[in-house]
Amino acid sequence: MVQQQTLFDRFLSPVFNILLDREALSQYRHSKDWEKEGDRFRQPGLVYPAYYQQNFHGVKQGYLNIDAAVTYDPITQYVLPPNEEWVRKGLIERIRCQPRRILDLGCGTGSTTLLLKKSFPQAEVIGLDLSPYMLLVAEDKAQQAKLTIQLQQGNAEKTGFPDASFDLVTASLLFHETPSIVACNILQEAFRLLKAGGEVLILDGNQATLRQAEWLTEVFEEPYIKDYAAGSLDAWMGTAGFGDVRTEEVWWVNQVTRGVKPLPYRKVEFSDFDANGAWAVG
Ligand SMILES: C[S@@+](CC[C@H](N)C(=O)[O-])C[C@H]1O[C@@H](n2cnc3c(N)ncnc32)[C@H](O)[C@@H]1O
């Protein structure tokens with residue numbers, strides 16, 4: 001017999017149905033005209049990549065479905081053990097620079113974007129996402145928190161921002177949602193966008209754990225998570241040109257990978273030293 005229902009339908013969906021405050025969600029869903037307000041973010045000429053226009057988490061059209069945006073935060077709090085904020089802080093705590101300009105790629109409903117702004121209040125923080133509905137939720141959260149962030153629709157593979165215009169580029173929970181070729185393109189784009197010495201930090205599922213616990217890659221209906229689990233963020237970052245690459249486990253199920261855009265290399269010349277052999281440059 002062919003199994004019609006997915007693991008998500010059979011196990012997770014009923015659990016979430018119990019946990020979610022359906023009344024509050026329905027009120028929020030009907031509090032605005034999502035299509036019309038989404039126009040504020042829609043960029044003319046933006047083409048959604050093919051990988052993006054399919055079902056994620058059993059939701060038709062994935063993040064281009066309003067219900068996906070409305071239910072994202074209430075569900076996410078239960079899938080980042082032991083505590084969503086601690087996991088997100090795993091990224092913040094590993095930032096070493098004092099960034100003045102930050103770009104959060106695939107910012108979604110802005111949970112990490114807002115933490116970045118709280119942690120670096122002087123910085124200009126920009127969140128970029130393909131989904132106008134996720135951006136609308138992020139905008140509501142920023143207003144509630146009284147935090148000023150910029151939110152923009154765009155593709156993380158090709159953002160359109162100028163070269164070397166950011167000190168810090170981040171992405172949380174984005175890479176397990178993309179084919180690995182897209183993850184590599186996004187890292188190349190992050191490299192282009194960073195100033196020399198700038199940092200990239202990626203928070204996502206722990207690739208080693210996901211390889212060991214295959215059921216984790218089955219249960220959430222993620223079309224690309226197996227591809228992500230089979231890969232290596234360390235290797236992808238190295239290929240994109242980043243140095244000082246290091247992955248650290250965050251509460252077993254997640255990881256943060258950090259890399260630095262190297263400073264330009266210059267060959268040392270004899271003329272760089274004075275007659276006593278001391279360094280004579282600058
Ligand atoms: C799982 S959500 C993560 C959202 C948020 N960063 C967080 O930590 O909760 C993945 C997000 O990536 C966005 N996304 C996927 N591919 C993208 C791309 N190529 N460019 C920009 N955003 C993308 C989706 O629209 C979605 O909002």
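Two residues count as in contact here if their C-beta atoms, placed from the backbone, lie within 7 Å. With that criterion in hand, one can turn to this predicted model, in which helix H5, made up of residues 84-92, lies across strand E4 (166-172) and also across E5, E6 and E7. Relative to E7, helix H5 runs at about 15°.

The strands that H5 crosses belong to an open sheet of seven strands, whose order is E3-E2-E1-E4-E5-E7-E6 and whose pairing is mixed. At its edges stand strand E3 (150-153) and strand E6, each of which pairs on one side only. From one strand to the next, the twist of the sheet averages 15°.

Starting from the E3 edge, one meets strand E2 (residues 124-129), which runs parallel to E3 and is joined to it by four bridges. Within this pair, Ile126 has Gln150 of E3 as its bridge partner. Further along the order, strand E1 (residues 101-105) is likewise parallel to its partner E4, and four bridges join the two; here the residue of E4 that partners Leu103 is Val169.

Strand E4 deserves a closer look. Seven of its seven residues are buried, and the strand is thus described as mostly covered. Besides pairing with E1, strand E4 pairs with E5 in the parallel sense, over six bridges, and in this pairing Ser172 stands opposite Leu203 of E5. The connection between these two strands involves helix H8, since E4, H8 and E5 together make a right-handed β-α-β unit. As a general point about such elements, the side chains of a regular strand alternate between the two faces of the sheet.

Helix H8 appears again in the surroundings of helix H12, which spans residues 233-240 and in which Leu233, Trp236, Met237 and Ala240 are buried. Why do the buried residues of H12 line one face of the helix? Viewed down the axis of H12, they fall within an arc of 95°, and therefore they line one face. These buried residues pack against helix H8 (180-193) and helix H9 (207-212), and also against three strands, namely E5 (194-205), E6 (243-250) and E7 (254-260). Strands E5 and E6 are thus among the elements packed by the buried residues of H12, and both of these strands are also crossed by helix H5. After H12 comes Gly241, a residue whose phi is positive, near 110°.

Definitions and conventions. Residues are numbered from 1 along each chain as its sequence is written. This is a predicted model: local features need pLDDT of at least 70, side-chain atom pairs count only at pLDDT 80 or more; totals for chains, interfaces and linings use all residues. A residue is buried if 20 or more other C-beta atoms lie within 10 Å of its own, exposed if 12 or fewer, and partly exposed in between; C-beta atoms are placed from the backbone. The arc is that of the directions from the helix axis to the C-beta atoms. Two strands pair if DSSP finds at least two bridges between them. Axes are lines fitted to C-alpha atoms, for helices over the stretch in contact, and angles run from 0 to 180 degrees between N-to-C directions. A crossover is right-handed if, with the strands pointing away from the viewer, the path from the first strand over the helix to the second runs clockwise.
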